Amino acid sequence: MTDSAPDTGPDDLQCSARGCRADAVWALRWNNPKIHTPDRRKIWFACDEHRESLSAFLDRRDFLKDVVPVADRDTPAKDEG
């Protein structure tokens with residue numbers, strides 16, 4: 001499950017970095033194990049410029065699960081079945 005709107009296409013999504021209005025290229029799928037069930041995935045979107053910084057922020061907190069192209073954001077990860 002994701003938090004993206006079902007009718008939102010990749011061309012309508014913007015980077016989640018503060019102040020960035022670039023088109024999203026990457027979907028950073030994450031979860032906070034203290035408040036989310038293990039199968040829950042939240043999504044931050046990233047442009048090429050902000051992919052590393054947003055990924056690093058989530059990874060430092062052990063929240064980052066995977067990074068996929070925006071078009072694949074609703075595809076389950078290989079280990080999710």
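Start with the whole chain of this predicted model and colour it by burial: of the 81 residues in the protein, 37% are buried. The accessible surface comes to about 5400 Å², and carbon and sulfur atoms account for 49% of that area.

Switch to a cartoon view. The protein has 1 helix and 3 strands, and read along the sequence they follow the pattern β-β-α-β. Many contacts span a long stretch of chain: among those between residues at least 6 apart in sequence, 61% join residues at least 24 apart.

**The sheet**

Select the strands. They form an open sheet of 3 strands in the order 2-1-3, with antiparallel pairing. Strand 2 (42–46) and strand 3 stand at the edges, each with a single partner strand, so one side of each has no neighbour in the sheet. Direction ignored, neighbouring strands are turned by 25° against each other on average.

Next, show the backbone of strands 1 and 2. Strands of a sheet pair through backbone hydrogen bonds, either parallel or antiparallel. Here strand 1 and strand 2 run antiparallel and are joined by 5 bridges. To see one of the pairs, select W26, whose bridge partner in strand 2 is A46.

**The cores**

Both W26 and A46 also belong to the next selection. Pick C15, A17, C20, W26, L28, W30, A46, C47, L54, L58 and F63, the 11 residues of the largest nonpolar core. Strand 1 (26–30) and helix 1 (51–60) each supply at least two residues of this core. The largest share, 3 residues, comes from strand 1. A second, separate core has 7 residues, including L13, A24, I43 and F45.

Now centre on C15. Not counting residues up to four places away in sequence, C15 touches C20, A22, D23, A24, F45, A46, C47, H50 and L54. Two members of the second core, A24 and F45, are thus listed among the contacts of C15.

**The cysteines**

Show the sulfur atoms of C15, C20 and C47. How many disulfides does the count come to? The count is 0. C20 is in no disulfide, and the nearest cysteine sulfur, that of C47, is 3.9 Å away. For C47, the closest cysteine sulfur is in C15, at 3.8 Å. That is too far for a bond, because a disulfide needs the two sulfur atoms within 2.5 Å. C20 is buried at 11% relative accessibility, and C47 is buried at 5%.

**Helix 1**

Move to helix 1 and select S55. Is S55 buried or exposed? At 10% relative accessibility, S55 counts as buried, because the cut-off is under 20%. Beyond its neighbours within four places in sequence, S55 is in contact with L28, L64 and V67. One of these, L28, is a member of the largest nonpolar core.

**Strand 3**

End at V68, in strand 3 (residues 64–69). V68 is buried, with a relative accessible area of 13%. Which residues is V68 in contact with, leaving aside its neighbours within four places in sequence? They are V25, W26, A27, R29 and R73. Draw a C-alpha to C-alpha distance from V68 to R29: the two are 39 residues apart in sequence and 7.9 Å apart in space. W26, another contact of V68, leads back to the bridge with A46 in strand 2.

Terms used. Residues numbered from 1 in each chain as written. Predicted model: local features only at pLDDT ≥ 70, side-chain atom pairs only at ≥ 80, totals over all residues. Heavy atoms only, no water. Core = buried A, V, L, I, M, F, W, Y, C linked by side-chain atoms within 4.5 Å. Buried < 20%, exposed > 50% of the residue type's maximum accessible area, 1.4 Å probe, protein only. Helix = DSSP H or I, 4+ residues; strand = E, 2+ residues; numbered from the N terminus. Contact = heavy atoms within 4.5 Å. Areas by Shrake-Rupley, 256 points an atom, 1.4 Å probe, with all protein chains shown as cover. Pairing = 2+ DSSP bridges. Axes fitted to C-alpha atoms, helices over the stretch in contact; angles between N-to-C directions.
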